[in-house]
Amino acid sequence: MSRDRILVVFLSLTLLFLLTACSQETEPVVNQDEVTTDQDQITETIEVDYTTTIDDYNNYIDNLLKDMGLNNEEFTLQSSEEKRERKVDDYHFTWTYNYRELEIPLFGNKLKLLETIKGEIIDKLEDEFAIVEADWVDEEQQVLNIKLAFKPQSTGEKIITHQLKLVQAKPKAKLAIILDDWGFNRKGTEEMLSINRPLTMAVLPFRPHSQKDAKLIKEAGFEMTLHQPLEPMNPEVNPGEGAIYTTMSSEEIKETLEKNLASLPDVLGVNHHMGSKASADSHVMAEIMNVLRERDLFYVDSSTSHKSVGFETALEYGVPTAANYLFIDNVDKKEAVEKMLLRLAKVALKKKELVIIGHIRMNTALAIQEMIPTIEDMGVKLVYVSELVR
């Protein structure tokens with residue numbers, strides 16, 4: 001190899017070495033903690049599907065409506081489902097929005113008024129849903145509009161899952177009929193139980209068929225009260241077992257009433273049987289109200305005497321109460337009871353609310369059944385007495 005060629009090769013290697021060294025000296029020092037790769041810069045979206053949760057909510061609402069007698073398909077005005085989604089921060093939520101609109105019939109069944117059951121509906125929904133927003137409209141039609149929602153994860157967002165709209169016409173008047181003297185399996189029992197309207201049945205304690213009648217009443221879906229015997233004005237008249245007398249001590253009154261209530265555990269309240277003397281005694285009525293207040297039961301003054309202090313005492317003690325306006329079957333004839341019902345329906349239209357009392361009799365049962373279309377054509381809604389106590 002010639003000397004010139006050797007010199008060229010040597011200079012080329014030297015230049016390459018110098019370039020490599022300079023490159024290494026100028027490269028920055030890297031902090032491994034600050035390295036960010038392309039993979040680290042990609043944020044993954046967290047998919048959250050609430051399909052199963054919504055199905056559980058649907059089942060809960062279905063069961064609630066069924067328990068309250070509102071699940072009849074004929075009540076449904078509109079029903080729809082809509083898939084929805086929302087992106088919040090790193091989350092992508094998907095769910096099904098459900099809408100139901102039901103029209104609850106005013107007449108033709110044993111259903112309570114919407115204004116009476118709305119609180120119960122809301123309370124039961126609040127047991128299951130985190131967010132319950134209710135709006136109540138009380139005009140010619142009464143409307144309960146409920147939105148149900150929850151907050152997913154920790155985002156603070158509100159997801160509305162259901163809207164339930166319940167609609168019912170508003171009655172011109174409300175009329176509650178109490179039927180006294182159950183417990184003897186009297187004629188008219190079957191006919192009375194076949195009436196498909198709200199009626200309140202008052203059962204006497206410890207009569208030959210008290211338990212049987214109470215069972216029939218419950219199975220037929222009617223409301224029941226204890227028909228509490230009280231001392232009458234005539235000492236020769238026996239009010240029967242379980243009666244409360246003015247000569248009883250406070251403890252005796254309490255024990256007697258509690259024993260009677262225990263014999264009929266499904267009662268919602270009390271109205272009295274006979275009792276012209278005891279219902280006018282403020283001591284007796286005060287002790288009765290003490291028991292009812294503790295048990296959260298209502299009291300209906302049967303008004304067997306114009307001297308009765310039952311209604312006033314109930315108000316004083318904070319016990320929900322109402323008073324009987326008139327007995328409908330003092331004359332035990334079908335035509336006479338029908339005339340009385342028509343007369344009292346007109347009174348109800350003036351007063352807007354009215355409580356009346358009849359008895360478990362064949363003529364009374366037939367008269368009520370016969371007069372229902374006429375009463376309802378007048379715009380008068382038959383209701384349970386529990387809907388009228390204040």
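Trainee: Is Phe206 buried, partly exposed or exposed?

Mentor: Keep in mind that we're looking at a predicted model. Phe206 comes out as partly exposed, with a relative accessible area of 30%. You'll find Phe206 in the loop between β8 (200-203) and α5 (210-220).

Trainee: What should I notice about the phi of Phe206?

Mentor: Check the sign. Phi of Phe206 is near 60°, a positive value in a residue other than glycine.

Trainee: And what about Asp89, where does that residue lie?

Mentor: Asp89 sits in the loop between β2 (76-88) and β3 (91-103). Its phi is positive too, at about 55°, although Asp89 is not a glycine. The relative accessible area of Asp89 is 59%, and the cut-off for exposed is over 50%, so Asp89 counts as exposed.

Trainee: Okay, on to helices. How do I read a packed pair?

Mentor: Two packed helices are described by the angle between their axes and by the distance between those axes. Here, take α6 (residues 250-263) and α7 (residues 282-295): they pack at about 45°, with their axes 9 Å apart. That angle makes α6 oblique to α7.

Trainee: What is the handedness of the crossing of α6 and α7?

Mentor: Right-handed, as α6 passes α7.

Trainee: Which residues make the contact?

Mentor: From α6, it's Ser250, Ile253, Lys254, Leu257, Glu258 and Leu261. From α7, you get His283, Val284, Glu287, Ile288, Val291, Leu292 and Arg295.

Trainee: How many of the contact residues of α6 with α7 are nonpolar, polar and charged?

Mentor: By class, there are seven nonpolar, two polar and four charged residues in that contact.

Notes. Residues numbered from 1 in each chain as written. Predicted model: local features only at pLDDT ≥ 70, side-chain atom pairs only at ≥ 80, totals over all residues. Heavy atoms only, no water. Axes fitted to C-alpha atoms, helices over the stretch in contact; angles between N-to-C directions. Helix = DSSP H or I, 4+ residues; strand = E, 2+ residues; numbered from the N terminus. Parallel < 35°, antiparallel > 145°, perpendicular 65-115°, else oblique. Left-handed = near helix turned anticlockwise from the far one by under 90°. Contact = heavy atoms within 4.5 Å. Nonpolar A, V, L, I, M, F, W, Y, C, P; charged D, E, K, R; others polar. Buried < 20%, exposed > 50% of the residue type's maximum accessible area, 1.4 Å probe, protein only.
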